[in-house]
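Dear colleague,

I am passing on the structure we spoke about, with the sequence alongside it. Please look it over before reading my notes underneath.

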Amino acid sequence: MDFLGISVVSKFFCLFRRLVFILMDCLKKLKNRYFIGAERRCLFLRYGGLFCLLFCLLAVPWRAEGFSTIDFYRAAKKYKSVNPFGAAVHCSHETGNWQSRLWREGKNGAGIKANRAWKTLGMPYIDILSEEHIGGKNVMVRSSFRKYRSLKKFLGDYSRKIRDDYPISAKHNNNIWGYLGGLYKGKYGKWATDHRYFKKLTIKAVKLAPEIYGHAWKKKLHRQFETAKGFGILEKWQEMAIETAMGGGS
């Protein structure tokens with residue numbers, strides 16, 4: 001735990017001790033006013049109140065630190081087939097900023113489906129009702145998704161899928177826009193058929209860039225955009241989506 005985490009915990013226990021003293025004082029006053037000579041009832045009130053206070057405090061999900069996009073980015077840097085920033089953007093969007101049930105219970109950051117082969121091998125999976133874009137409409141569909149024991153297991157499978165099914169993304173793994181654009185040109189189709197999906201990814205990339213790239217994030221995004229345009233990776237509508245997300249122009 002870092003210094004900030006220790007400071008937060010220290011303040012919490014100081015506050016807790018103060019609340020206990022206040023509660024004890026209140027119970028003592030109640031005893032002197034209403035329960036003179038009634039020691040048993042006083043003890044009941046005292047320890048009953050402390051129990052209730054402890055129960056309420058323990059019921060709150062106190063956490064010194066949580067999983068973040070930068071954690072994912074650092075882990076993804078070990079895998080050659082992916083652009084670590086692009087993968088972080090992609091999976092942060094898919095998981096609703098690491099809050100989805102599929103991420104919490106299955107460490108599946110990209111909504112990778114559990115096909116028949118996966119199930120035949122006896123691999124774990126989770127059935128979830130999710131929204132999919134079918135026939136021009138968003139419909140709710142119950143699907144089976146792969147379940148992973150760890151982030152490392154997921155990234156290994158995700159990296160293989162990018163390498164095998166999205167070769168353009170793998171080829172341009174040093175360019176955020178080329179990587180995201182490649183998700184629309186897979187061997188077996190697009191990662192998501194809805195154009196709005198790509199637009200959401202570009203907005204997410206601009207939002208997360210300062211956290212990943214630091215103060216030079218604007219220059220890096222614009223430089224990679226010019227490179228992607230030069231290579232002809234992107235379609236015109238994708239270029240417009242990126243320009244809009246970045247505020248138009250350099």
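The notes below begin with the whole chain and then turn to one helix and one residue.

This is a predicted model, in which local features need pLDDT of at least 70 and side-chain atom pairs count only at pLDDT 80 or more, while totals for chains, interfaces and linings use all residues. Residues are numbered from 1 along each chain as its sequence is written, and side-chain values use heavy atoms, with hydrogens and water left out.

The protein chain has 12 helices and 2 strands, where helices (H or I, at least four residues) and strands (E, at least two) are DSSP runs numbered from the N terminus. Their order from the N terminus is α-α-α-α-α-α-β-β-α-α-α-α-α-α. Of the 250 residues in the protein chain, 40% are buried, that is, under 20% relative accessible area with a 1.4 Å probe, protein chains only.

The helix I looked at is α4 (residues 84–94), which packs against α10 (residues 195–213) at an angle of about 120°, with the axes 9 Å apart; the axes are lines fitted to C-alpha atoms over the stretch in contact, and angles run from 0 to 180 degrees between N-to-C directions. That makes α4 oblique to α10, since angles under 35 degrees count as roughly parallel, over 145 as roughly antiparallel, 65 to 115 as roughly perpendicular and the rest as oblique. The contact (heavy atoms within 4.5 Å) involves, among others, Phe85, Val89 and His93 of α4 and Leu201, Ala205 and Leu208 of α10.

As for its surroundings, 9 of the 11 residues of α4 are buried, so α4 is largely enclosed by the rest of the structure; the buried residues include Phe85, Val89 and Cys91. What covers them includes α3 (69–76), α7 (151–165), α9 (176–182), α10 and α11 (217–231). At the N-terminal end of α4, asparagine 83 acts as a cap, with a side-chain oxygen 3.2 Å from the backbone nitrogen of phenylalanine 85, and α4 is followed by glycine 96, whose phi is positive, near 60°.

Finally, glutamate 239 is found in helix α12 (residues 236–245) and is buried, with a relative accessible area of 14%. Leaving aside neighbours within four places in sequence, glutamate 239 is in contact with Phe225, Lys229 and Leu234.

Best wishes

Methods
Buried < 20%, exposed > 50% of the residue type's maximum accessible area, 1.4 Å probe, protein only. Polar contact = N/O pair within 3.5 Å; in protein donor to acceptor, adjacent residues only side chain to side chain.
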